[in-house]
Amino acid sequence: MSTVAGQRSRKDLACTAEATAWQKAFGAELKRRVVENGEPFAIAQADTPHEIFHVMDMPLITNQWWSAYISAKQLSGTYFDAMVEKGYPDNSCKYCSLGFACTLAADPAKAPWGGLPRPAVLVARLTCDCIQQVFSQWADALDTDFFPMEAPAWQDKDPQWFEHSNEQWEKVYQQDRIELMVAEMQALITLLESKTGRLFDMAKLQTLMEKINEQEVYIAEAARMIGSARPAALLRPELAAF
């Protein structure tokens, strides 16, 4: 894909057009379920266990995706100004707070989809100091629950952890950290079941995870091919436009 300032992007590869069409269809279906049908949905950070929502067939709006959607509509500046007008500092973490800013602006005529309706829950891992503040206040503004998930420190991290992380989970990720995450995911499932009336299906999760594992194998293979290519494929002049 190549671009020139002031012009729309040109999609030279068929896969690029196909991916764009898929994304548009995904957004339209998500809007239909969340806004038009009023299904219980979740707003969650990108690093939370999305597989839980998928297994329960629960619409999920990823905070980062929603922020990108707002930015594509060229509304980020307007919403950050609205945050400042409401007393928030102008150096707030913009990447994580744009969705919250859209809610604070409370302008259905301008907001994408008319703004998000009330979600069943907001979910985020506490990976930095701003997350708990942003999501707890966002949940208050939407009159819903915030489910925080811990991000415990990694003790004695192996510099080569990626070489055996697929098999040696306890060694790489540490048993106490794994047990904490399992307990939190179980609590999240219980909350979602009570909110939606839907039951979590462990067999469905296993099927989904097997497909994800297969996908990860292909991604790892592609990464190895790119990394071992000489010269690097991404530096070849004839591919620069893509």
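**Entry 1: helix 3 and its end**

By helix I mean a DSSP run of H or I that is at least four residues long, with the numbering taken from the N terminus. With that settled, I looked at what follows helix 3 and noted that Gln 74, just after this helix, takes a positive phi of about 60°. I am reading a predicted model throughout, and I keep that in mind for every value below.

I then listed the buried residues of helix 3, which are Asn 63, Gln 64, Trp 66, Ser 67 and Ile 70. They lie on the same side of the helix, because the arc they cover around the axis is only 160°. What do the buried residues of helix 3 pack against? I found that they pack against strand 1, strand 2 (60-62), helix 4 (76-85), helix 5 and helix 6 (129-142).

**Entry 2: confidence and overall layout**

Before going further I checked the confidence, and the protein averages a pLDDT of 89, with 91% of the residues scoring at least 70. Strand 1 (residues 42-44) has the highest confidence, at a mean of 98, whereas helix 7 (residues 169-173) has the lowest, at 86. I remind myself that predicted coordinates should not be read in detail where pLDDT is low.

For the layout, I recorded nine helices and four strands, and along the sequence they follow the pattern α-β-α-β-α-α-α-β-α-β-α-α-α. The C-alpha atoms fill a box of roughly 55 × 50 × 35 Å along the principal axes. Of the 242 residues, 32% are buried, and the protein exposes about 15,200 Å², of which carbon and sulfur atoms supply 54%. I also looked at contacts between residues at least 6 apart in sequence, and 61% of these join residues at least 24 apart.

**Entry 3: aromatic rings**

How many aromatic pairs does a search of the whole structure find? The search returns 14, and I took two of the pairs for a closer look. The rings of Trp 22 and Phe 26 have their centres 5.7 Å apart and their planes at 5°, and planes under 30 degrees apart count as stacked, so this pair is stacked. Both residues belong to helix 1 (residues 14-36), where they are four residues apart, about one turn of the helix. Trp 22 counts as exposed because its relative accessibility is 55%, while Phe 26, at 31%, counts as partly exposed.

Trp 65 and Trp 113 have ring centres 6.0 Å apart and planes at 55°, so I entered this pair as tilted. This pair links distant parts of the chain, since Trp 65 is in helix 3 (residues 63-72) and Trp 113 is in the loop between helix 5 (94-105) and strand 3 (121-125), 48 residues apart. Trp 65 is partly exposed at a relative accessible area of 23%, whereas Trp 113 is buried at 11%. I noted further that Trp 22, Phe 26, Trp 65, Trp 66, Tyr 69 and Trp 113 form one aromatic cluster. Trp 66 is also one of the buried residues of helix 3.

I made a separate note of a charge over a ring: Lys 94 lies over the face of Phe 80, at 5.4 Å from the ring centre.

**Entry 4: Glu 36 and Arg 33 in helix 1**

I returned to helix 1 for two charged side chains. Is Glu 36 buried or exposed? It is exposed, with a relative accessible area of 56%, and it is found in helix 1. The C-alpha atoms of Glu 36 and Trp 113 are separated by 9.7 Å, although the two residues are 77 apart along the chain.

Arg 33 is in helix 1 too, but Arg 33 is buried, at a relative accessible area of 15%. Leaving aside neighbours within four places in sequence, I found Arg 33 in contact with Gly 38, Glu 39, Asp 57, Pro 59 and Arg 198.

**Entry 5: Pro 119**

My last look-up was Pro 119, which lies in the loop between helix 5 and strand 3. Its relative accessible area is 0%, and it is therefore buried. Which residues is Pro 119 in contact with, leaving aside its neighbours within four places in sequence? I listed Phe 41, Ile 43, Leu 142 and Thr 144. For comparison I also looked up Ser 136, which is 17 residues from Pro 119 in sequence and 13 Å from it in space, C-alpha to C-alpha.

Terms used: Residues are numbered from 1 along each chain as its sequence is written. This is a predicted model: local features need pLDDT of at least 70, side-chain atom pairs count only at pLDDT 80 or more; totals for chains, interfaces and linings use all residues. Side-chain values use heavy atoms; hydrogens and water are left out. pLDDT is the predictor's confidence in each residue, from 0 to 100. Rings of Phe, Tyr and Trp (its six-membered ring) pair if their centres lie within 6.5 Å; planes under 30 degrees apart count as stacked, over 60 as edge-to-face and the rest as tilted. Buried means under 20% relative accessible area, exposed over 50%, partly exposed in between (1.4 Å probe, protein chains only). A charge sits over a ring if NZ of Lys or CZ of Arg is within 6 Å of the ring centre and within 35 degrees of the ring normal. The arc is that of the directions from the helix axis to the C-beta atoms. Contact means heavy atoms within 4.5 Å. Accessible areas come from the Shrake-Rupley method with a 1.4 Å probe; for residues, only the protein chains shown count as cover.
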